[in-house]
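Colleague: Please bring up the model. I have some questions about it.

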Amino acid sequence: MKKLIVCGALAAFALGTQAASAAEFYVVRDASTKKCTVVDTKPTTTTTTIVGDGVYKTRTEAESAVKTTKVCTDQ
């Protein structure tokens, strides 16, 4: 019984850390200001649009995409 509880606790911990490490970053462009920014949650408003390749695994990748995405650099 103790082994079952320990295994369950370890599995819950492993799944929790995996979900926490699966961060997602988005490059979004504000429709009114035409400015691109990096956000860590998927935008749900209609005033911003996701640009670039969609989802980035790290903030650094997303920030690099801001510099190379045409709609972000044509301001």
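Modeller: Contact here means heavy atoms within 4.5 Å. This is a predicted model: local features need pLDDT of at least 70, side-chain atom pairs count only at pLDDT 80 or more, and totals for chains, interfaces and linings use all residues. Residues are numbered from 1 along each chain as its sequence is written, and side-chain values use heavy atoms, with hydrogens and water left out.

Colleague: Which residues does Ala 65 touch, not counting residues up to four places away in sequence?

Modeller: Ala 65 belongs to the largest nonpolar core, 10 residues in all. Such a core is a set of buried Ala, Val, Leu, Ile, Met, Phe, Trp, Tyr and Cys residues joined through side-chain atoms within 4.5 Å. Buried means under 20% relative accessible area, exposed over 50%, partly exposed in between (1.4 Å probe, protein chains only). Outside that sequence window, Ala 65 touches Val 27 and Tyr 56.

Colleague: Which element gives the largest share of this core?

Modeller: Helices (H or I, at least four residues) and strands (E, at least two) are DSSP runs, numbered from the N terminus. Strand 1 (25–30), strand 2, strand 3 (48–56) and helix 2 each give two or more residues. The largest share, three residues, comes from helix 2.

Colleague: Why does Thr 69 count as buried?

Modeller: Thr 69 is found in the loop between helix 2 (59–68) and helix 3. Thr 69 counts as buried because its relative accessibility is 14%.

Colleague: How far apart are the sulfur atoms of Cys 36 and Cys 72?

Modeller: The two cysteines form a disulfide (sulfur atoms within 2.5 Å). Cys 36 and Cys 72 are both buried. Their sulfur atoms are apart by 2.0 Å.
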